[in-house]
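I set out to record what I looked up in this structure, entry by entry. The notes begin with one residue and widen from there.

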Amino acid sequence: MHLLERIHTESFSGSDKRNVTHWNKSSAIALLVAAFCLLLLHYSKFYSTFYASLELLFSMTQSDVADSLRQLKKWAYFPLLPEAWWFFWHLVAFFVIPILVIKYVLKDSIKRYGLGVGRLNQHKRWYVLLTAPILFFIVMVSFREDFVNHYPFYKLAHRSWIDFFAWEIFYLSQFFFVEFFFRGFILQACRPAFGVNAIFIMIVPYMMIHLSKPWLEAAGAIFFGLFLGVLALHTRSIWGGVLVHVSIALSMDVAALLQTKGLPEQFFP
């Protein structure tokens with residue numbers, strides 16, 4: 001750590017030395033942990049990893065892998081298992097690991113990382129102004145074939161209310177994890193060292209997790225992340241961003257179902 005502090009000081013030269021600040025250990029640890037969490041999630045969340053893990057598990061129990069997998073797929077709730085796997089790795093990478101790092105490595109208060117209400121009530125109109133036009137846009141595009149074919153991501157959400165609610169719990173919880181990771185953990189850990197510049201540090205990885213999506217959505221993540229970052233830093237709360245994400249995502253799923261297969265008609269599959 002002392003070596004890093006010395007390198008930090010030496011990295012400033014000439015007139016820049018008057019602006020030198022102390023090296024901030026908390027932000028360095030948080031960004032290093034964030035890089036690890038993003039790496040872990042990227043290679044763990046996919047359905048292919050889920051099936052590979054199942055095959056490994058069956059082989060360890062000396063079962064016939066193909067037959068065991070075939071039997072498991074007959075279970076009515078099996079289609080939800082890959083979604084639960086996807087949810088689990090978001091929980092671990094974007095919430096559990098950061099919480100443990102905050103508590104036991106940074107030895108800081110978890111509430112300081114946006115989990116409180118903060119000054120959210122004073123600025124709720126800005127979240128409404130952000131959400132309202134997006135919801136209107138969703139209603140307009142819900143008549144497009146490409147939209148209804150894309151949402152919900154879980155294609156059996158219409159099969160039963162169990163499917164619908166299980167999927168929405170997995171899906172919508174993920175937005176809480178995302179908001180905590182980016183607008184809570186990364187943003188608040190970097191704030192003491194970088195001030196408002198912490199927002200722009202956070203935007204880079206936030207945009208990059210959208211690179212697998214259409215370019216317009218990935219580009220929009222820059223401005224969306226900037227807006228939510230400003231509000232999260234100002235209000236000291238992530239809950240406004242969570243509510244924005246949840247209301248938009250749930251509206252998209254319901255709108256797509258209403259235009260195609262309709263809402264579930266039975267409770268169980």
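**Entry 1: Thr235**

I located Thr235 in helix α10, which covers residues 215-235. The model I am reading is a predicted one. I then asked whether Thr235 is buried or exposed. Its relative accessible area is 0%, under the 20% limit, and Thr235 is therefore buried. I next looked up which backbone atoms its side chain reaches. The side chain of Thr235 comes to 2.7 Å from the backbone oxygen of Leu231, and to 3.3 Å from the backbone nitrogen of Ser237.

**Entry 2: Arg236 and Lys107**

I moved on to Arg236, which I found in the loop between α10 and α11 (239-259). Arg236 is not a glycine, yet its phi is positive, near 60°. With a relative accessibility of 33%, Arg236 counts as partly exposed.

I noted a positive phi, about 50°, at Lys107 as well, which is likewise not a glycine. Lys107 belongs to the loop between α5 (80-105) and α6 (124-141). Its relative accessibility is 66%, so Lys107 counts as exposed, the limit being over 50%.

**Entry 3: The chain as a whole**

I counted secondary structure elements next. The chain has 11 helices and zero strands. Its C-alpha trace spans about 70 × 55 × 30 Å along the principal axes. Of its 269 residues, 40% count as buried. The exposed area is about 15,200 Å², of which carbon and sulfur atoms supply 68%. I also checked how far apart in sequence the contacting residues lie. Among contacts between residues at least 6 apart, 76% join residues at least 24 apart.

**Entry 4: The nonpolar core**

I recorded a general point before this entry: in soluble globular proteins, nonpolar side chains tend to be buried together. In this chain, the largest nonpolar core holds 73 residues. I looked up which of them touch the most other members, and found Phe94, Phe147, Tyr171, Phe181, Phe182, Phe185 and Ile186. Helix α8 (residues 161-194) contributes the largest share of this core, 18 residues.

I followed Tyr171 further. Leaving aside residues up to four places away in sequence, Tyr171 touches Trp86, Tyr151, Phe153, Ala249 and Asp253.

**Entry 5: Aromatic rings**

I found 30 aromatic pairs in the structure. In one of them, Phe147 and Tyr151, the ring centres are 5.2 Å apart and the planes stand at 45°; the pair is tilted because this angle is neither under 30 nor over 60 degrees. Both residues are buried: Phe147 has a relative accessible area of 7%, and Tyr151 one of 11%.

I then asked which residues form one aromatic cluster with Phe147 and Tyr151. They are Trp86, Phe153, Tyr154, Trp167, Tyr171 and Phe175.

I also noted a cis peptide bond between Tyr151 and Pro152, with omega about -10°. Pro152 itself sits in the loop between α7 (145-150) and α8.

**Entry 6: Charges over rings**

I closed with two side chains that lie over aromatic faces. Arg183 lies over the face of Tyr206, 4.1 Å from the ring centre. Lys103 lies over the face of Tyr104, at 5.7 Å from the ring centre.

How values were computed: Residues numbered from 1 in each chain as written. Predicted model: local features only at pLDDT ≥ 70, side-chain atom pairs only at ≥ 80, totals over all residues. Heavy atoms only, no water. Phe/Tyr/Trp six-rings, centres within 6.5 Å; stacked < 30°, edge-to-face > 60°. Buried < 20%, exposed > 50% of the residue type's maximum accessible area, 1.4 Å probe, protein only. Lys NZ or Arg CZ within 6 Å of the ring centre and 35° of its normal. Helix = DSSP H or I, 4+ residues; strand = E, 2+ residues; numbered from the N terminus. Polar contact = N/O pair within 3.5 Å; in protein donor to acceptor, adjacent residues only side chain to side chain. Contact = heavy atoms within 4.5 Å. Areas by Shrake-Rupley, 256 points an atom, 1.4 Å probe, with all protein chains shown as cover. Core = buried A, V, L, I, M, F, W, Y, C linked by side-chain atoms within 4.5 Å.
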